[in-house]
Amino acid sequence: MPILLTADVSFSSKQELLDLQDGPMCPSLETPSPVDSQEDSPVGSGPGSAAGNSPARHIILTQAANPLPGQLYTGQAPAETPLGLTFIPTHSEGLCGWGALTPRVIQTFNTPRWVLFFLCVASFLQGMIINGFINTVVTSIERRFDLRSYQTGLIASSYDIAACVCLAFVSYFGGTGHKPRWLGWGVLVMALGSLVFALPHFTTPPYQVSMPEQTGVCTGNRTRRCHDNEGGGLSSYRFVFMLGQFLHGVGATPLYTLGVTYLDENVKSSYAPVYIGIFYTAAIVGPAAGYLLGGYFLNIYTEIHMTTELTPENPLWVGAWWIGFLAGGAAGLVVALPILGYPRQLPGSQKYVAMRVSETHQLKDGSQASASDPQFGKSVKDMPRSVLLLLKNPPFLFLCLAGATEATLIAGMSTFGPKFLESQFSLSASEAATWFGYMVVPAGGGGTFLGGYIVKKLNLRCRDIIRFCMVCAVVSLLAIFIFLIHCPNVPMAGVTSPYRSNLPPGHQYNEQYYEPAHNLHNSSWLGDNLMVGCNADCHCLRELYNPVCGSDGVMYYSPCHAGCSTVNHTEVSTGRQVYSGCSCVVGGNVTSGQEGLALDGKCTSSCSHMPAFLTFLFIIIFFTFLCSIPALTATLRCVPDSQRSFGLGIQWIVVRSLGGIPGPIAFGSVIDISCLLWQDQCGEQGSCYLYQNSAMSRFTLIAGIIYKVLGMMFFLLASVLYKPPPESL
């Protein structure tokens, strides 16, 4: 005799179905949750669909002796699954729509592929805004709003702080709630955060800088430009930026916890890694697009309705940092609408739950079986027990720690990777961001997608997946030794090389003549070595940093420090100014009656290591992201089905608190150690102007080796301690 379940019955795991089948014969269960009966076909597309005013759907448990495996209701006679489940049509609660508004035409989108599409758009926007735009506009925001580096660091960390605060709550209650609604509202909050982040541009006076021709050249009349209220209180806008980032963190929290489990629950287990891989690939391509678009926007003056004499190479230039946030916020408002319209479960999802083979790690005391209780996790009282079950799961813990080490490298390199390229190869900020974006698109995106495809193609089990992650960590560890190679610093007068005009008579110039190592440990203030005989009468200001490249191939702190007296002309092709009468520039292009020329901006590097470095950097990024989806898949498989959302939430807390938050801080400290020349802001230390390339490479290599070795150890321990259930062997 069949068991008839009225209304909409939802099952989060195969065990719930088994418990129900083995239990007493009861007329109905009142567990509201929309489930559709059709497989791989839009609801409402046929005469027997719910949209066509068909009778209400029920799920019947039969005691058939020979059930037909894998069959579902298709508008014909009821069919049974291997568990004796019979799916028959239901009412409109399983349709795609908003409340009572469920148009028949939009039911075409009620499929896993369309869910994947909209979630990919949301993750793309999240990656582009938070991991792309934020990292490219940091320098511009510091300059525009008179912020210190630690203040912008706090702005960046506000995202992870908000995520850590919300993760446990969202993943626990959202895991048993209506996931699409949590996701849709999260995208709305994230879009609001982007609009708030762009708000300071519209509430502050226009950014204007006076640049007369003689600014920065050698003159005898100079006064110190320090004032008590310099900046007009714009630094207070850091709290608005922090609020925007906090909203970003709150809104993005459901995306990588509930979004992943929603995809995993609504497709076949063998296809889940591919769907999740595509989802994460969009999240990787997003930052790359952010770097490319951010670099493009920074070449546009921030006051787009005004003209300026400044060029992007000038240290006082501020690009249109706000355009990306405005556009991203508007796009987020649009994509949130379709996500909010999806049902709790997609058509045919219950069949995939019934067919899934458990690979949950088996605890010694067998307490993981308590998570199979259909009522487990429905109440907040179960949260401590749920946390305890995860803490008693060694593979889960070590996968979390491995993810934290990888996140440290990813967060550190994504924040300071462009700065590393800028310093090593004498690139502009926009050029470095563009090159880094070119690396992230094929390497990060391709590695993420390929990792999910490999798991699906080879049908890897949990232990094999963890071993695959360990191999990826070994390959990226070997490639990281490319940081042993570095480019020599472009000679800078008074910092990395002497003033040629100040050399002893008859002494031949040699870059090794001037050893900058003493500055490396005592570089908080600019020393008197910037002022020598050739510019002593110029009364140059330390606060006015405007590097120029002399015709002798040496870089100078400013036209004043190069002893330049006038602006000769402006290059038409680049808009860069050419200074003449530079008394400190010896040799090179010397014209009649002039002592030397200098070109506005930094000198270009003649280093030839860039192709090799970018090749190995590609390998590092590729293999780092190649194991990201396999590691996520292993995490989902080693915990009980009912704990998947909450487990991902706990994992993200560990990853962010041990990796995402301290990662930029650790790498920033490592890079600051290699600083040769600090900014002097009226007696206070500002940002770093010049780094020692050899020290930067060496310290980055040490940090990379430490975290990669730790990641390998954690993957190894997770593989050794994993104990699969007997039925999965």
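**Note on cysteines and a surface patch**

1. Both C487 and C607 are buried. They belong to a predicted model, and they form a disulfide with sulfur atoms 1.9 Å apart. The torsion about this S-S bond is about -70 degrees, so the disulfide is left-handed. The pair links distant parts of the chain, 120 residues apart. C487 sits in the loop between α13 (462-479) and α14 (517-520), while C607 sits in the loop between β8 (597-600) and α15 (610-626).

2. How many disulfides are there? The count comes to 5, taking a disulfide as a pair of cysteine sulfur atoms within 2.5 Å. A disulfide is a covalent bond between the sulfur atoms of two cysteines. Besides the pair in point 1, two further pairs are described below.

3. C549 is joined to C603 by a disulfide, with an S to S distance of 2.0 Å. The angle about the S-S bond is 105 degrees, and the link of C549 and C603 is right-handed. C549 lies in strand β4 (residues 548-550) and C603 in the loop between β8 and α15, so this disulfide ties together parts that are 54 residues apart in sequence. Both C549 and C603 are buried.

4. C564 and C582 also form a disulfide, and their sulfur atoms are 1.9 Å apart. This link is right-handed, with 100 degrees about the S-S bond. The two cysteines are 18 residues apart: C564 is in the loop between β5 (555-556) and β6 (566-570), and C582 is in the loop between β7 (577-580) and β8. C564 and C582 are both buried.

5. Which cysteine sulfur is nearest to that of C400? The nearest is that of C638, 8.1 Å away, and C400 is in no disulfide. C400 has a relative accessibility of 2%, so this residue counts as buried, the limit being under 20%.

6. C472 has its closest cysteine sulfur in C627, at 5.3 Å, which is too far for a bond. The cut-off for a disulfide is 2.5 Å. With 2% relative accessibility, C472 counts as buried.

7. Away from the cysteines, there is a nonpolar surface patch of about 390 Å². The residues that make this patch are I702, I706, V709, L710 and M713. I702 is placed in helix α19 (residues 693-721). Is I702 buried or partly exposed? I702 has a relative accessible area of 44%, so this residue is partly exposed.

Note on methods:
Residues numbered from 1 in each chain as written. Predicted model: local features only at pLDDT ≥ 70, side-chain atom pairs only at ≥ 80, totals over all residues. Heavy atoms only, no water. Patch = residues over 30% accessible without salt bridge, like charges linked within 9 Å, V, L, I, M, F, W, Y side chains within 5 Å. Areas by Shrake-Rupley, 256 points an atom, 1.4 Å probe, with all protein chains shown as cover. Salt bridge = Lys/Arg side-chain N within 4 Å of Asp/Glu carboxyl O. Helix = DSSP H or I, 4+ residues; strand = E, 2+ residues; numbered from the N terminus. Buried < 20%, exposed > 50% of the residue type's maximum accessible area, 1.4 Å probe, protein only.
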